[in-house]
Amino acid sequence: MLLRLQQAAVPGRLMPFSGEIAAGQLLHVAGPNGAGKSTLLSVIAGLQPATGSVALDERPLSDWQGAALARVRGWLPQQQMPLSQMPVWHYLRLHFKQGGAQADARLGTLLQQLQLQDKLSHSLTRLSGGEWQRVRLAAVCLQIHPRINPLGRLLILDEPMTALDIGQQKAVDDLIAELCAAGISVIASSHDLNHSLQRASQIWLLNRGQLIAQGEPAAVLTPQRLTPLYQVAFRQLELEGRTLLTVLP
């Protein structure tokens, strides 16, 4: 098992939580605002002290330090301001150590996927919200991409679709699927329940810092479970072989 949490907790923010994720899985963390999603992701990233235990690759997360942890896991926080006026190419280059033809090829492909080819010379402070989000996504993907970094194992994304249009969201979905197929585990928070139904392999559903349910999306994201959490009436539909959730008027 790549990641295992046993009674991990943050007093006042996250109640004792246990769960695990295997290599190559896409796990979505869902729940209303204030559910504890960002706190849980920060614990998994090794940036939030917690009681209980968290193990990454069968090794206590507390044993992983600095650069060694950054070689294994990438972390995209929910909010992050540009650190300086450096150009996009410089910011991206800071996120992977190895160069060479393979790294250059992967960078070129990623820039094309995320429609960033014409942004390389732009200052970070001159990017739009959607452009900055795509640059940040490109950076963390480069950090742990197995074709550049053979030690990369885990990618943690806090609301990665923020500020992206539908086409850009599809590009990110395809990129995440590519990483999972290569053996990278991806944990992402999401407010789009239908997106989680269609894309995730596992769901952790939280509310007020407590784990409500975990398992396959169709078993977790049910109207009976979601209605009291969100205080709106949900209905489940079947459309062209897919399960969809709608909110009743």
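R208 sits in the loop between β9 and β10, and that is a handy place to start with this predicted model. Its phi is near 55°, a positive value in a residue other than glycine. R208 is also out in the open: its relative accessible area is 72%, and anything over 50% counts as exposed, so the label fits.

The strands on either side of R208 make a neat story. β9 covers residues 202–207 and β10 covers residues 210–215; the two run antiparallel and are joined by 5 bridges. One of the pairings puts L206 opposite L211 in β10. Together the strands form a hairpin with 2 residues between them, and R208 belongs to that turn.

**Positive phi elsewhere**

E58 is another case of positive phi in a residue other than glycine, with a value near 65°. Its home is the loop between β4 and β5. E58 is exposed, because its relative accessible area of 53% is over the 50% cut-off. Then there's G46, which comes just after α1 and takes a positive phi of about 85°.

Here are the four residues with a listed accessibility, side by side:

| Residue | Place | Relative accessibility | Class |
|---|---|---|---|
| R208 | loop between β9 and β10 | 72% | exposed |
| E58 | loop between β4 and β5 | 53% | exposed |
| R59 | strand β5 | 33% | partly exposed |
| E131 | helix α5 | 14% | buried |

**R59 and its surroundings**

R59 is in strand β5, which spans residues 59–60. Why is R59 classed as partly exposed? Its relative accessibility is 33%, which falls between the 20% and 50% limits, so neither of the other two labels applies. Which residues does R59 contact once neighbours within four places in sequence are set aside? Those are V54 and W64. There's a polar contact to look at as well: a polar atom of the R59 side chain lies 3.0 Å from the backbone oxygen of D63. For a longer-range view, R59 and L5 are 54 residues apart in sequence, and their C-alpha atoms are 11 Å apart in space.

**The largest pocket**

V54, one of the contacts of R59, turns up again in the largest pocket, where V43, A50, V54, L61 and S62 lie nearest the centre. The pocket holds about 320 Å³ of space, and its lining is made of 19 residues. Which strand gives the most to that lining? It's β4, with 5 residues. At least two lining residues each come from β1 (3–10), β4 (51–56) and α2 (66–72). If you're thinking about chemistry, the lining splits into 9 nonpolar, 9 polar and 1 charged residues.

**Two helices**

V43, nearest the pocket centre along with A50, V54, L61 and S62, is also one of the buried residues of α1. That helix runs over residues 37–45 and is mostly covered, with 8 of its 9 residues buried. Besides V43, the buried set includes K37, T39, L40, L41, S42, I44 and A45.

Helix α5 (residues 129–144) holds E131. Is E131 buried or exposed? Buried, because its relative accessibility of 14% is under the 20% limit. What does E131 touch, leaving out residues up to four places away in sequence? The list is L116, K119 and R126.

Terms used: Residues are numbered from 1 along each chain as its sequence is written. This is a predicted model: local features need pLDDT of at least 70, side-chain atom pairs count only at pLDDT 80 or more; totals for chains, interfaces and linings use all residues. Side-chain values use heavy atoms; hydrogens and water are left out. On a 1 Å grid over the protein atoms alone, a cavity is a set of points where a 1.4 Å probe fits but cannot get out, and a pocket is an open set with protein on both sides within 12 Å along at least five of seven lines; lining residues have an atom within 4 Å of a point. Grid points are joined across faces, edges and corners, and a volume is the space filled by probe spheres set on the points. Helices (H or I, at least four residues) and strands (E, at least two) are DSSP runs, numbered from the N terminus. Ala, Val, Leu, Ile, Met, Phe, Trp, Tyr, Cys and Pro count as nonpolar, Asp, Glu, Lys and Arg as charged, and the others, Gly among them, as polar. Buried means under 20% relative accessible area, exposed over 50%, partly exposed in between (1.4 Å probe, protein chains only). Contact means heavy atoms within 4.5 Å. A polar contact is a pair of N or O atoms within 3.5 Å; within protein, one must be able to donate a hydrogen and the other to accept it, and residues adjacent in sequence count only if both atoms are side-chain atoms. Two strands pair if DSSP finds at least two bridges between them.
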